[in-house]
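Pull the structure up on your screen and let's take a walk through it. We'll begin in the middle of things and work outwards from there.

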Amino acid sequence: MESKANIPVAGLRIAKITSFDTASNSTDVKHYYYGKKESRFTSTGVEGIPINLINFTEQRAFCDKNTGLPNYWNVETRATFMNINANSIYPLYRSMGNNSTTYEYVTVSHGGTNFENGGEEFQYYISADIPPYLCLDSYLTSAPWTNLSWKNGLLHIKRIFNKNLDNLNIVENQYKLEDQYTRKIPGVATEIKYNALYHFTSPNYRNIEHLNINKYTTNSYWFYLESESNTQYDVQGSNPVTTITTYKYNNPSHLKLSSQTVTISKQEVTDTKATIETKYFYPSDSDMASEPFRNELMAKNMIGKVLDTQVFKQGVKLSEQKTVYDKSAATGNLLLPRSVYANKGGSSIDLSLDKKMTYDQYDDKGNILQYTLESGIPVSIIWGYNKTQPIAKIENVVYNLIPSATITNLQTLSNADIDNCLSDNCTEQKLREGLRTFRSSLPNAFISSYTYNPLIGVTSVTDPKGIPSYYEYDSFGRLKFVKDYELNVLQKYCYNYKGKQTDCSDNTSTSEYIYKSAARSGLFTKSNCPAGGTGQSFTYSQVAGAYTSTISQADADSKGLALFNTNGQINADANGYCTFKSIALSGSFAKNNCAAGGVGSSVPFNQVAGAETSNDSQAHADSKGLTLFNTNGQANANSKGECTYSSIALSGSFTKNNCPVGGVGSDEFFSQVAGAETSKDSQADADSKGLALFNSNGRANANTEGYCTFTNTEKSGSFTKNNCAPGGVGSTEVYTVPAGSHFSRESQVAADDLAQRDVNNNGLENANSKGYCTFWNVAITRSYTKNNCPSGSVGTSLDYTIPAREVTSRESQFDADDRAAKKCDVLGRINVNTSGACRFYNTAKSGIFTKNNCPAGQWGAPVTYTVAAGIHWSESSQAEADIKAQEDVAQNGQNYANARGECGFYNAQTSEDFTRDNCGIGFIGSTETYTVPAHIYFSTISQKDANLKAFNDLRQNGKNYANTHGTCTHDNR
């Protein structure tokens, strides 16, 4: 038994839909539930993704300006504000694929809440996408998901049932995924946690550790409806009849339906299961490889055109239809159908016998101009309305026999059709007259003709007997009347919204004889100008048909003329213009084209009324007149006026030039106002006069008011720095007072004396401040070991010395000694690595030697002689050092064994039999011989003691040997 708990989530869903036929009378009520019909109040929804919220927090301070001091506020309140919102880039559904359906079942109750009028149950496939794969650190909520839910939301089963919940109809859909054509595009989503400060040589994990990285794939699928099972029941829910329709898509290059099989489980005929299969063949199918223009169809991507259709029943072919394409002059050099073939039975199409229709001719738009039926009768079509609609169908006449001028005339008349009336001067009636004339020119043909309101529909159809029918449409383009040739209404169509009462009171019609007023043209004078303005004449034209009448042409023209006079004057008053003249003006203008610095004189100027005109207003005419007055008045003043130039203001310094030898005069500032001199010639002449006066008066002022200054010559002296640390020797520094450093307004001697005092007072201080101290190193000797020896060798050590006073420093004695030490380290290392030697020390070597100087009857014991590692060395190689150690072993090993070894006795061989005694009850153990070989045990005491050790071995191990190696035999006694 299924049990689910409902989960509250956000959003809206339909609960009920009520339909009405009037404002208050409901005709149907549908209640929607999101569970199975048996448990409709238990939701089958699949829980979505928890909403991902973005929040931003800030602190705000609220201030009060009541401190009594300007520009100071008191903080009254502090508050924390948090802004929380969702983001549309974060998914709310588990499926980002086909749709967002998350309910497996939707049940509809008709008539009430308890299936009073039956109901429907819809079951959907439910599947989900998967979150991105975590590559590094943490999940990104904004990263796309991998879309695996290709089937999500597809309808699986639809059930229609009665009020007793008995099934009346069940439709079950099965879908197929062609997984071999699934394409996956990998993607990577990243988020920067913080900015990287360093970049490491790749590959290096630290180059990406500042990122969150997620991986996903975007998949494309090819899936389709594979089968549909439709089971119908009688009203009691019994006697099911099932129709199974199977769809096959065999060619992924065009993704079109290859075959459709319909199987019915129960028939009224004798067979209880009939299967009808229809096969479709397209240009890219291999079966069509020999069809003409097959490659051209594929090249133009016309891969959806069905070239051949075959129908089978129970595997037996019933019929076939084939369409053959062509690209030639007959098809307007377009790739279009040329012939249609069809037959019945199991035979293949016979191109000689099975032709049903031939498309003989097309125009450049791909419209069919002529086709020939199986009977051999040609049918021609004339296309009008800019080759968008057929206006004449001619049976039993070849298209090329119709005069081209006739075709062009009919097409021109149709292109000019802009109305929908029956009067002789209506453009549509002119087209009908042209078609009637064309009909009479071919008495042996069957001709049907058509007129249209383009984008709305056909307005008249004339059959081969010449009898017309008329079609009218309302303002929404919907069919309103169908009338016969006498304009009698055959059919009337009325439209109303559902629930509204039908209203057919509108009987207005356009299918009647209408007279149009003649075209007119004439002049009308604007009559509504403001005061001061004069109206101008304006041409007005009225097109033919501006006024229509159903009475007579004279009535239409009379009313058209009245309309012409009214609208002509209105048009002139609205679109004509008025002419206004400017008033007279007078005034004075100052000449303004003097050279820079010149002042122009004033000149009077007069302008008559009407110097400018305007079609806008009196104000605009006066504005233009004023502009012209200002332009011409200024030009007159510039031509007839004169200029006056004043010298410019001048100021500057003059140097006193009457000082004694050695003295320098001071600079004295002098100013001269503008206009000290004037000229009628030019600004340059006025300025020249002013400059001469300025130079004369400025020099006199400097020599009277200025003073003389004497500066020292250069003075210098040498001083030795005397504030060095112990061990340091100070440098000698020259202190110089440059010439001109000191001055006096008395004499040259006084200025030089001031400079010498400067040298005496500041020389030593300068040396102590800017001089330097020199320190020399003491002698230093250090030992260094050679460190560039080959692997396995050890370098020798050498001493290296830096003599005293070889290294200096201006910092300190310590720095001088430190530099000497560093120099010693560098040179000492170079010296030992160059002159030192590398030594290889032997590895440990040993040998076993038997003491060979024992008394007769005794044996010497074996002794190991070892030369320890590092005893012998070689400056050539490791092998040579090891050879020396081995030679040591060979030379001294025997002597070492004779000196350190012991003499003694080895045991003689001894044996004894032992019987196995650990067999089970009823079994007898075998007897085994255990032997201790000679020379196993050694004794420094006596031969007897060595033999005793062998005997003890027999006692200790003999029985165990027998019990281990012996056998057990069943006792038959």
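Leaving aside its neighbours within four places in sequence, which residues is Phe 438 in contact with? In this predicted model, the list runs to Ile 382, Ala 392, Ile 394, Ile 402, Thr 406, Leu 410 and Ile 447.

Phe 438 turns up again when you look at the largest nonpolar core, a set of 26 residues. Along with Ile 382, Ile 394 and Ile 402, Phe 438 is listed there among the residues with the most contacts inside the core. Quite a few elements chip in: the strands β18 (336-344), β19 (355-362), β20 (368-373), β21 (378-384), β22 (389-395) and β23 (446-453), plus the helices α2 (404-415) and α3 (427-440), each give at least two residues. The largest share belongs to β21, with four residues. There is also a second, separate core, made of eight residues, and Ile 780, Tyr 784, Ala 821 and Val 832 are included in it.

Now step back and look at the whole chain. You can pick out ten helices and 63 strands. The radius of gyration is 62 Å, while the globule rule gives 30 Å for 973 residues, so the protein is more spread out than a compact globule. In terms of span, the C-alpha trace covers about 170 × 160 × 75 Å along its principal axes. Of the 973 residues, 34% are buried. As for contacts with a separation of 6 or more, 58% of them are between residues 24 or more positions apart.

If you want a feel for those distances, try a pair of threonines. Thr 102 and Thr 781 are separated by 679 residues in sequence, and their C-alpha atoms lie 89 Å apart in space. Thr 102 sits in the loop between β4 (74-86) and β5 (105-110). Is Thr 102 buried or exposed? Its relative accessibility is 19%, and because the cut-off for buried is under 20%, Thr 102 counts as buried.

Next, have a look at the second largest pocket, which holds about 230 Å³ of space. Its lining includes Asp 474, Phe 476, Arg 478 and Lys 480, then Lys 492, Tyr 493, Cys 494 and Tyr 495, and further along Asp 503, Cys 504, Ser 505 and Asp 506. Sort that lining by character and you get six charged residues, five nonpolar and one polar.

Last stop: some backbone oddities. Most peptide bonds are trans, and most residues other than glycine have a negative phi. Going from Ser 202 to Pro 203, though, the peptide bond is cis, with omega near -5°. You'll find Pro 203 in the loop between β10 (183-192) and β11 (211-220).

Phe 293 has a positive phi, near 60°, and is not a glycine. Look for Phe 293 in the loop between β15 (274-281) and α1 (294-299). With a relative accessibility of 24%, Phe 293 counts as partly exposed. His 935 also has a positive phi, about 65°, without being a glycine. This histidine is in the loop between β61 (927-932) and β62 (938-939), and at 42% relative accessibility His 935 counts as partly exposed.

Definitions and conventions. Residues numbered from 1 in each chain as written. Predicted model: local features only at pLDDT ≥ 70, side-chain atom pairs only at ≥ 80, totals over all residues. Heavy atoms only, no water. Buried < 20%, exposed > 50% of the residue type's maximum accessible area, 1.4 Å probe, protein only. Core = buried A, V, L, I, M, F, W, Y, C linked by side-chain atoms within 4.5 Å. Contact = heavy atoms within 4.5 Å. 1 Å grid on protein atoms, 1.4 Å probe; cavity = no way out; pocket = protein on both sides within 12 Å on 5 of 7 lines; lining within 4 Å. Points joined across faces, edges and corners; volume = space filled by probe spheres on them. Nonpolar A, V, L, I, M, F, W, Y, C, P; charged D, E, K, R; others polar. Rg over C-alpha atoms; globule rule 2.2 N^0.38 Å.
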